[in-house]
Amino acid sequence: MWSSWSFQLILLINLAVVITKTYADHVHGCGGYIKTIKGQSNIDFSKVEVQLLTKSGVKKDNVEANPTNGYYFLPVYEKGDYVLKVVPPPGWSFEPEKYDIKFDGESDDCSLEKDINFVFKGFGITGRVNVLGQKQGASGVLIELVGKENEVLSKTTTNNVGSFSFTPLLPGEYILRASHKIWHLSKKELGVKLTTQNYVVPEKSLLVSGFDVHGKVVNDGIGIAVLIYGKKNENLQIDCQGVKLPEGVTQKNPNYDSKPLCYTTSNQKGEYTFSNVNPGGYLIQPFIESSAHKVHIAPEYTEIQVVKDTLHVSDIFEVNGITVQGRVALSENGPGVKNAKVIVNGEHVATTNDEGIYELINIKPNPYTIQVEAKDMQFDDHIARVSLTNPKIFDIKVARFKVCGQVVSDKVHTVSFTKQGSTYLTEVNSNPNTGEFCTFVAPGKYIIEVVTSSEDKNEGIQFFPVKQTIEVGSSQVSGLLFSQLRATVIGEIYCLSDADTVCDEIAVSLVSGDGDGIQFGEVTATVKNGKYSFTNVLPGPYRVSVLKPELCWEASSFQFVVKSSEEQVPKFKHTGYAVTIIASHTIQMNYKYKSPDTTTPQLEEIYELIPGVNSLCVPKQGAYDIKYSGCHTFDINTPNTFSTSNLVPISVNAHKHKHGVRILSEVSNLYSAIIEKDGEKIDEIKLLEESHKVDGYFSYRYDFYLAQGEKIKMIPSSGSMLFKPDSKEIIGSNDCVDVAFNFIATKGLVLHGKTVPVIEDAKVVLSFPKNPEMVPLETLTDKKGEFKFGPIDSTIDIELIASKESYVFSEFDKTTNSFKAHKLCEIIATVKDDQGQSLSGVLLSVSGAESYRKNLITADDGIMKFHSLAPSQYYIRPNLKEYKFEPSSKIIDLKDGETVEVSIVGKRVAYSVFGIVKSLNGEPFPKVNILANAIEPCEGMEEAQSEYNGNYRIKGLVPGCSYSVKVKIDSTSNNVDRSIPTEKIVEVALEDINGVNFIAMAPINTVDVILRIKASENDYYRTLKVALYAKNSDSPIYSEKVPSPLQPKLKINPGIMLYPPKLPLNHQQYYIEVTTALSDKQYKYHLPTIEFIANQTNLFYEISFNPQIITGDNEINSNSIPALCLIAVVGFVFFKQDLALELLETLWGKVSSIVKDLFDKSKRQEVRQAMVNEDIDELANAINATKKGRKSKKIN
């Protein structure tokens, strides 16, 4: 133990810090909550997924939110840029949708363990607008979301598949309203009630029934009718109301109906439209109702397919078949021109006959440009406007006739035509090869002459005759002739003595020109015996050139003017041999003639090459040696000789260029540098001191030869000096650079330190607290526990911190240049299976002194270290379901600085059952509990719950046992009512079992109550009223008057069925009460009350109502007529017994009939009176309610 009290205090503080950090020593990650807006607490968070993505969108990890509180956590193992993105079901809306993270393990929100929350904003409504008869939806339909007050909350347009969505939306009632500016919808509005999940609009709730079909007819003002026929067996419809179909019009295509569906007529623009056309196949056929001309419309018909948009018919119906005659004439009222080609709109369509007449057959009513071509004649373009109302073309007359001649000359000359009596002037050039000229002129008299300038005349150029006069009538003119003087040009060539055959048959060119130096033509001649000549040369300026570029000449060309019949050209003198060199840079070149005579010294010449093409002349024919000098290096293929016989240019390319780098130092020292290329060290150099100082600094230099774009990194080094900058990337230029960069070297601080006691591989960090922009430096202690930093800037504040796993260090002691260290405790746990293989995924739980606790999971190597522990007693326990560990737990006593290794062996003792739980529609069924009950003689039960995808895994099944696997169904878990199958028996061996799947069915949680009311007479039903009450409640849940039968006069009386609203299956008591409007003073009846418990899904009850009329004395006294008759009969019988007996029998029958009729009439009056009383009571109640200002309460 150290005696220093201060160090012990520091040790305790650092130990507390280490222990505190131990609690946070876990895998970094991003976490937070999926939150809801106020009032939304019943959201299923398990449907929301959070993804961790790279910047490029690659998914690194994902997790579903906790279904109870929305918490999520995603581990992050690597530093970098990430995107945290919430992925809810379609239509759910969150804010934010994603969160950008620059994960550095220290300062970002995830590393600081801040919650990153995603707030749920609402659900969505998604749907599709269908097209009648089509599988695909309708795109471009405007959908409006309308609220309760008929206000438009939002708008959208369906996409290319007809889908749309609105989000975020709070639960409530909405209306979807569909519209389109040109399409027709048969279903355009839908009410939607949004509760606690997305709403998907049922198919065909919004339906486009038809589209408009637009087409065009080129009609030239003539009314064209258009019919549309539907394809057979498609039951197609078109909005054709109020249109009378024409009679007797049919079409011949057997695939379509013979009777048209609709009929329309094109407008003035030739446009026609059919509205609200159902999707399907159609045939469109045009026809002309009346016409003064025989015309043809093409095409005869067109077939279209209406799919899911307005259709613009691509085929345009055009009127065709008009035949028009025209004539081509030499002049007004003159004879016709035969065999003339008639071209209409650029196409040859006819040829004139002997009278000059032509026909245009089957042309459409349009403006046409008519051109005529005939030998030796020209015609102006003729615009003809042909229509059904104007089928006529005016005569086309010859505009110009051909005039031809010849200028006898080898040059091009201009010939002018001047029309007498007018200002008309035209010019034409003669053919350079034949001297011929031709042009077209209108009829008239013309003066023709060859145009010559004053310079031409000074040079002797003259043509004969000077002018010619001609008259152009009704045919061409030819045979005009102009001629000129010819001369001879002679010259000589002188060549060097060593030229040998180089000067044989040299070509010389003669180029004619004008006074401004413009060249017109070129002829060549071959030199023989040093002489050459040109004959038949016209007067004028010329340039003669020697055509031998590989030779050097005193002058390679001469200019002169031919004025006489013979002209002498100055002599061409040969001076040397041409060599062409192409250089990439400025390069000094030494060349020397390789003479066969070695005894005679040869002159060595220097030539400075410039970038580009260099031409030089050497005095002798033969080979030369080359040497290069300068600041470049050259490729090994760079030539070192050249020969005058090789006419190919020589290429000299500099490969690398010199780049100088200097270190400017305050003191004289030795300097070296490490050279890196592509991140790897390639050399270590020493810089040489220059003989002179630079700006007062000692200068040390090194020259690199670098190719253009080549990169090296130079890192200067010295035991005691600092460099600014500490390194520099040198990039090769395209030429030499004398000083590419200067490093500045200054005196630095070298820091030496150590650890006490000696600790190897301890990490020492040198940081700069007042200069956060500077990167901290790190190093490891050597075997002696020593470390070194530097040189560093002595003016900067520094801080040293030492660290090593399971060690705690004091602050750096500047007086002793050392750290004091103390070793902490450590537990190293190694987990393997019974085969000796590393076991991953085992949770190791360690707890001990100072409230220490840590839970870590082993990796692939099965090793887990618990370091930086204080001396104390620790408890370690391994845990992995289906495994048994030896030891199952262990108590470890750690002493100061001790490392304890623990070996744990796990043996698999149980296995798993895997399966899927789905609903009847095939969707996954989450949160379903699955039980595995052991079958005797085995014991035990395992349970699992299906995940969001319906998958489940029941762990811990013992080999050799059979299990009954089934869906758990009980009163506390009412999400499943039953399953298919009810159970499966599995036998567990030494492996997992897969494919134990179930179909689960949710229970029915409501009760349907059905009532049948049976009254003795049909007239009694309307007097009855039925009400449904919950027990201990005076307000009815449901109340309804019993309706009368549809035909109350019939004797059939099956009863009336009533269907109260569904009740919850809550096992509560309810009762049904029946009331009547019949008076209890006039009728005797029984009104039953039915009590029941809502513990079944279906309940049926039948209620009978049989009222009876109440009879009394007052009713009999009121009917005195039968009584009087009876007394008279008794008296008569007493006196005339024989006669009375016969009369009594007859009378008794009559009286009985009368009495019966009276009783029936009285009964009907009582029923009607009861009904009238009921109506009066209802009217009185309504009047009283109005007077008291009360609102009636509607019970349903």
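In this predicted model, strand β90 (residues 1024-1030) pairs with β94 in the antiparallel sense, with seven bridges between the two. One of the contacts in this ladder puts Ala 1030 opposite Tyr 1070 of β94. Strand β94 (residues 1069-1076) also pairs with strand β96 (residues 1089-1093), again antiparallel, this time over five bridges. Here Tyr 1070 turns up once more, with Phe 1092 as its bridge partner in β96.

What do the side chains do along strand β94? They alternate. Tyr 1070, Ile 1072, Val 1074 and Thr 1076 point to one face and are buried, whereas Gln 1069, Tyr 1071, Glu 1073 and Thr 1075 point to the other face and are not buried. Tyr 1070, then, sits on the buried face of β94 and has bridge partners in both β90 and β96.

Just ahead of this, the loop between β89 (1006-1015) and β90 holds Asn 1018. Is Asn 1018 buried or exposed? Asn 1018 counts as buried because its relative accessibility is 8%, and the cut-off for buried is under 20%. Setting aside residues up to four places away in sequence, Asn 1018 touches Pro 1045, Gln 1047, Pro 1048, Leu 1050, Ile 1052 and Asn 1053.

A second loop residue, Val 201, can be described in a similar way. Val 201 lies between β16 (199-200) and β17 (207-218). With 4% relative accessibility, Val 201 also counts as buried. Which residues are in contact with Val 201, once neighbours within four places in sequence are left aside? They are Ile 125, Thr 126, Gly 127, Phe 164, Leu 176 and Leu 190. For Leu 176, which is 25 residues away along the chain, the C-alpha to C-alpha separation from Val 201 is 9.5 Å.

Back to strand pairing, now with β38. Strand β38 (residues 444-451) runs antiparallel to strand β35 (residues 414-419), and six bridges join them. On its other listed pairing, β38 goes with strand β39 (residues 468-472), antiparallel as well, over five bridges. Ile 447 figures in both: it is the bridge partner of Thr 418, and its own partner in β39 is Thr 469.

An open sheet of four strands is also present, in the order β51-β50-β53-β55, with antiparallel pairing. Its edges are β51 (604-609) and β55 (641-643), each of which pairs on one side only. On average, neighbouring strands of this sheet are turned by 30° against each other, ignoring direction. The pairing of strand β53 (residues 623-629) with β55 is made of three bridges, and in β55 the bridge partner of Tyr 624 is Phe 642.

Finally, the pockets. The second largest pocket holds about 670 Å³ of space. Its lining is made up of 20 residues, and those nearest the centre are Leu 722, Phe 723, Asp 726, Pro 791 and Ile 792. Where does the lining come from? Strands β62 (711-717), β63 (721-724), β65 (737-747) and β69 (786-792) supply at least two residues each. The largest share, four residues, belongs to β63. By class, the lining of this pocket splits into twelve nonpolar, four polar and four charged residues.

Definitions and conventions:
Residues are numbered from 1 along each chain as its sequence is written. This is a predicted model: local features need pLDDT of at least 70, side-chain atom pairs count only at pLDDT 80 or more; totals for chains, interfaces and linings use all residues. Side-chain values use heavy atoms; hydrogens and water are left out. Two strands pair if DSSP finds at least two bridges between them. On a 1 Å grid over the protein atoms alone, a cavity is a set of points where a 1.4 Å probe fits but cannot get out, and a pocket is an open set with protein on both sides within 12 Å along at least five of seven lines; lining residues have an atom within 4 Å of a point. Grid points are joined across faces, edges and corners, and a volume is the space filled by probe spheres set on the points. Ala, Val, Leu, Ile, Met, Phe, Trp, Tyr, Cys and Pro count as nonpolar, Asp, Glu, Lys and Arg as charged, and the others, Gly among them, as polar. Buried means under 20% relative accessible area, exposed over 50%, partly exposed in between (1.4 Å probe, protein chains only). Contact means heavy atoms within 4.5 Å. Axes are lines fitted to C-alpha atoms, for helices over the stretch in contact, and angles run from 0 to 180 degrees between N-to-C directions.
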